[in-house]
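Work through the exercises below with the structure open beside you. Try each task before you read its solution.

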Amino acid sequence: MNKILITGATGFLGSKILKKLVEDDYNVVALVRKTSNLNRIESVKGDFDLFYFNEKSNNLNELFQNHKIETIIHTATEYGRNAKTSEVLKTNVIFPIQLIEFGLERDLKLFMNSDTFFGKPEHSNSSYLNQYTNSKKYFLDYLFCKREGFKAVNLRLEHIFGEFDSDNKFVTDVLHKMLKSEKEVLLTDGLQKRDFVYVEDVVNAYLKVLNNIEFIAECSEFEVGRGESVSVRQFVELIAEETKSKSKLVFGAISNRKEEIHNSIANIESLSKIGWKPNYDLKTAIRKMIELELR
């Protein structure tokens, strides 16, 4: 039967998309490294296939020979914080191109790419995560300019948050410090604004695109957020309110990054046209995240 291949299946977003696909009875293949930690997907109830690819990616032909893959949902990424440029390019550019090349030899009909708000033209002056952002641009140029024989969809994600994200992510780090009531939580002035969007709403955006793909143009982009931004300070204060933390929030203790993005907000008009809307306001999402983290 036709299957969906999901990369980054053990990651924060990928694992939640995998769970939703399995719940909705899609036939799924999760692509993972032999060194991957499977903790996030061990609780997925339902059937799906695991395919372990080696570090040289030279067994991808076997993947496409053994599975009739029509759709690829690509969430694997390398942020490049402690990685060499070659590793960033390998993960964010070469690897997805290899998937497309093997897919086109078989039955590939759709490639859904996960992208970042850092890559928006209006944020081009920001140098934060420059290797990561540039690698995403390189691949998107390939995806939209070199595409042939399949549909290409780019999902440009705003600031996702949710339960069980990596400890080094901003929201998770702040939440854990407040839950432990650390004496002080050191922060920037928090005046920069972000379109914070709950991960469950993001997952539903992927499924909404997937389920409406016949009505979507061959090269399409969707911005994924709540369609409104709030200051980081407001967001952190909401977490403090919901955790009833005794931690002191020290705004301004950390300097802002040079060339900081002052405001980012998703234009969700395209997603709205296919029937998607965010179901979670920030307070409800934070409450749910806290509840699940404390179980």
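**Exercise 1: A helix over the sheet**

Task: Find the strands that helix H4 lies across, and its direction relative to S5.

Solution. Start at helix H4, residues 130-145. This is a predicted model. H4 lies across strand S5 (110-116), strand S6 (151-157) and S11. Now compare directions: H4 runs at about 155 degrees to S5. Angles over 145 degrees count as roughly antiparallel, so that word fits H4 and S5.

**Exercise 2: The strand order**

Task: In what order do the seven strands of the open sheet lie, and with what pairing?

Solution. Read across the sheet: S3-S2-S1-S4-S5-S6-S11. The pairing is parallel. Next, look at the edges, strand S3 (49-53) and strand S11 (219-224). Each of these pairs on one side only. Then follow the twist, which averages 20 degrees from one strand to the next.

Now zoom in on one pair. Strand S1 (residues 3-7) runs parallel to strand S4 (residues 69-74), and five bridges link them. Within this pair, Thr7 has His74 of S4 as its bridge partner.

**Exercise 3: The cores**

Task: Which residues have the most contacts inside the largest nonpolar core?

Solution. The largest nonpolar core has 63 residues. Phe161, Tyr206 and Val209 have the most contacts inside it. Helix H6 (residues 199-211) gives the most to this core, with eight residues.

Take Tyr206 as a case. Leaving aside residues up to four places away in sequence, Tyr206 touches Leu13, Ile17, Ile73, Met112, Ser114, Leu155 and Leu157. Another core, of 23 residues, lies apart from the largest one. Leu5, Leu31, Phe139 and Tyr142 are among its residues.

**Exercise 4: H1 against H6**

Task: Are H1 and H6 parallel or oblique to each other?

Solution. First, take the axes of helix H1 (residues 12-23) and H6: they come within 10 Å. They cross at roughly 55 degrees. H1 and H6 are therefore oblique to each other. H1 passes H6 in a right-handed crossing.

Last, list the contact. H1 brings Phe12, Leu13, Lys16, Ile17, Lys20 and Leu21. H6 brings Val199, Val202, Val203, Asn204, Tyr206, Leu207 and Leu210.

**Exercise 5: H5 against H9**

Task: At what angle do the axes of H5 and H9 cross?

Solution. Helix H5 covers residues 170-179, and helix H9 covers residues 282-293. Their axes come within 12 Å and cross at roughly 65 degrees. The crossing is right-handed. On H5, the contact uses Val171, Thr172, Leu175, His176 and Leu179. On H9, it uses Met289, Ile290 and Glu293.

Definitions and conventions. Residues are numbered from 1 along each chain as its sequence is written. This is a predicted model: local features need pLDDT of at least 70, side-chain atom pairs count only at pLDDT 80 or more; totals for chains, interfaces and linings use all residues. Side-chain values use heavy atoms; hydrogens and water are left out. Two strands pair if DSSP finds at least two bridges between them. Helices (H or I, at least four residues) and strands (E, at least two) are DSSP runs, numbered from the N terminus. Axes are lines fitted to C-alpha atoms, for helices over the stretch in contact, and angles run from 0 to 180 degrees between N-to-C directions. Contact means heavy atoms within 4.5 Å. A nonpolar core is a set of buried Ala, Val, Leu, Ile, Met, Phe, Trp, Tyr and Cys residues joined through side-chain atoms within 4.5 Å. Buried means under 20% relative accessible area, exposed over 50%, partly exposed in between (1.4 Å probe, protein chains only). Angles under 35 degrees count as roughly parallel, over 145 as roughly antiparallel, 65 to 115 as roughly perpendicular and the rest as oblique. A crossing is left-handed if the near helix is turned anticlockwise from the far one by less than a right angle, and right-handed if clockwise.
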